[in-house]
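Reader: Please take a close look at one part of this structure, the surroundings of the ligand. Then connect that part to the rest of the chain.

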Amino acid sequence: MEGTAFKPSRTGHPEGCPLPAISMSDPISSQPSIDELRGEFDQQLTSAIQAGNVQPVRDRYLGRKDGVITRLLKDLGTVPPEERRERGANANRFKAYVEQRIEEAVEAVRGVAERAALERASLDVTLPGRQPQLGRRHPLTLVRDRMEAIFTRMGFAIVEGPEIEDERHNFDALNMPAEHPARDMQDTLYLATPVKGESGGPDDFRTLLRTHTSSMQIRYMETHKPPIRIVVPGRVYRRDDLDLTHSPAFGQVEALVVGEDISMAHLKGTLLAFVREMFSANARVRFRPSFFPYTEPSAEIDISCWQCDGAGCQMCKKTGWIELGGCGMVHPAVFEAVGYDPEQVTGFAWGLGIERIAILRHQVGDIRMFYENDLRFLEQFPY
Ligand code: 2U9
């Protein structure tokens, strides 16, 4: 039974009261009666629950030395023996009542505090969410992925290889003999440790950071028979200072096709299909004669300007054409270096710079923007 519903009465038990009726005042000690004490206690406990702290009421009533109930029990010694039994029983019932109500009050206050703490710590799932900061692909990765997707659809396999190379794969096998100027320390980044040859000494060859991904095409031909249709993307290194248009490390996508009767027409048709997907559906391709040691004949690849469609604008420097990369028919000496018979097979190859294509596609004014990791720049590219 809850104490709040309790109504003390002079005349007898109120409905459901656990305590026997006693008089309002004590004739012997003129102390307050138990009914009065209970009334006071009920009031004080209600206030304490509201204030959220029951301890002062517990001390006041149940305190060992000075508590109201402790005193009440002690005072029984002064009560005439014939009343002592009944008054003692009443005092003990009051004590049990106080103890039970305080225990309930402590639980109630604790419950309120716990609910308040939970409310403070709870999440409002109806609040609008915070936009997470999503990462995104780097513009150079976007260009490379796009190129790979186009060539994969055409039936090319994507192949990758090591960035640290030896002179044989990077130069000799590509028809660039020892005295070739590209092998000069001025142009190529050599590593301090040479690779030991089979017999040591004179067979040792220098290691370097690959200057083109062509070294991987050599490796691929060494381990595969024609027909071959591969695209080799990757980072390459040159001894260049970083400026507006140059970087000592940059990305390339090269291609190699080898088979019977592969012609320059296949080369041009493949490149045309590529630029039409990559840049513009009505793009045209133009070859200008050029020279590379590993291709013969060789050509520079130009694409009709997709801004002015060849009419001449700022982007194409009023020429109507934009230079994209280089290409050619694989030199017979290259086939011989990998053990292919140049009488049996022919092939074409080309090389494109990833940065150059990204610069052209997105009209970036400075190659260094790609390497500085400035989010204001990087955030401008679609996923
Ligand atoms: C093999 C045989 C021939 C790859 C080729 C180019 C021409 C070329 C440049 C474009 C811009 C490099 O990134 S760049 O600076 N590349 O002009 N590359 S032909 O020829 C090969 C490759 C592998 C076995």
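Author: The ligand site comes first, then the cores, then some local details.

This is a predicted model, in which local features need pLDDT of at least 70, side-chain atom pairs count only at pLDDT 80 or more, and totals for chains, interfaces and linings use all residues. Residues are numbered from 1 along each chain as its sequence is written, and side-chain values use heavy atoms, with hydrogens and water left out.

The ligand has 18 residues around it. A residue is near the ligand if one of its heavy atoms lies within 4 Å of it. Gln252, Phe292, Gly326, Ala349 and Gly351 are the closest. By type, the shell holds 10 nonpolar, 7 polar and 1 charged residues. Here Ala, Val, Leu, Ile, Met, Phe, Trp, Tyr, Cys and Pro count as nonpolar, Asp, Glu, Lys and Arg as charged, and the others, Gly among them, as polar.

Four elements each give the shell at least two residues: helix H7 (214-223) and strands E5 (249-259), E8 (321-330) and E9 (346-353). Helices (H or I, at least four residues) and strands (E, at least two) are DSSP runs, numbered from the N terminus.

Now the polar contacts, meaning pairs of N or O atoms within 3.5 Å; within protein, one must be able to donate a hydrogen and the other to accept it, and residues adjacent in sequence count only if both atoms are side-chain atoms. The side chain of Gln252 places an N or O atom 2.9 Å from a ligand oxygen. A polar backbone atom of Gly326 is 3.2 Å from an oxygen of the ligand. Gly351 also uses a polar backbone atom, 3.5 Å from a ligand nitrogen. On its own, the ligand has 560 Å² of accessible area, and the protein covers 89% of it. Such areas come from the Shrake-Rupley method with a 1.4 Å probe; for residues, only the protein chains shown count as cover.

Next, the packing. The largest nonpolar core has 44 residues. Such a core is a set of buried Ala, Val, Leu, Ile, Met, Phe, Trp, Tyr and Cys residues joined through side-chain atoms within 4.5 Å. Buried means under 20% relative accessible area, exposed over 50%, and partly exposed in between (1.4 Å probe, protein chains only). Phe274 and Trp350 have the most contacts inside this core. Two or more core residues come from each of helix H5 (139-154), E5, helix H8 (264-278), strand E7 (295-304), E8, E9, helix H10 (354-362) and helix H11 (375-378). H5 gives the largest share, 6 residues.

Trp350 merits its own look. Beyond residues up to four places away in sequence, Trp350 touches Phe151, Val253, Glu254, Ala255, Leu267, Leu271, Ile301, Gly326 and Cys327. Contact means heavy atoms within 4.5 Å. Gly326 is thus named twice: it is touched by Trp350, and it is among the residues closest to the ligand. Apart from the largest core lies another, of 23 residues, including Met176, Ile218, Leu256 and Phe335.

Thr211 sits in the loop between strand E3 (207-209) and H7. Thr211 counts as buried because its relative accessibility is 7%. Its side chain makes a polar contact of 2.9 Å with the side chain of Asn170. Leaving aside neighbours within four places, Thr211 is in contact with Asn170, Phe171, Thr188, Val236, Tyr237 and Arg238.

Two cis peptide bonds deserve a check. One joins Pro226 and Pro227, with omega about 0°. Pro227 is in the loop between H7 and strand E4 (228-237). Another runs from Glu296 to Pro297, with omega near -5°. Pro297 lies in strand E7.

The loop between E7 and E8 holds Lys317 and Lys318. Neither is glycine, yet phi is positive: near 55° for Lys317 and near 65° for Lys318. Lys317 is exposed, at 69% relative accessible area. Lys318 also counts as exposed, at 68%.

Finally, the whole chain. The protein chain has 11 helices and 9 strands. Of its 383 residues, 40% count as buried. Among contacts with a separation of 6 or more, 61% join residues 24 or more positions apart. The chain exposes about 22100 Å², with 52% supplied by carbon and sulfur atoms.
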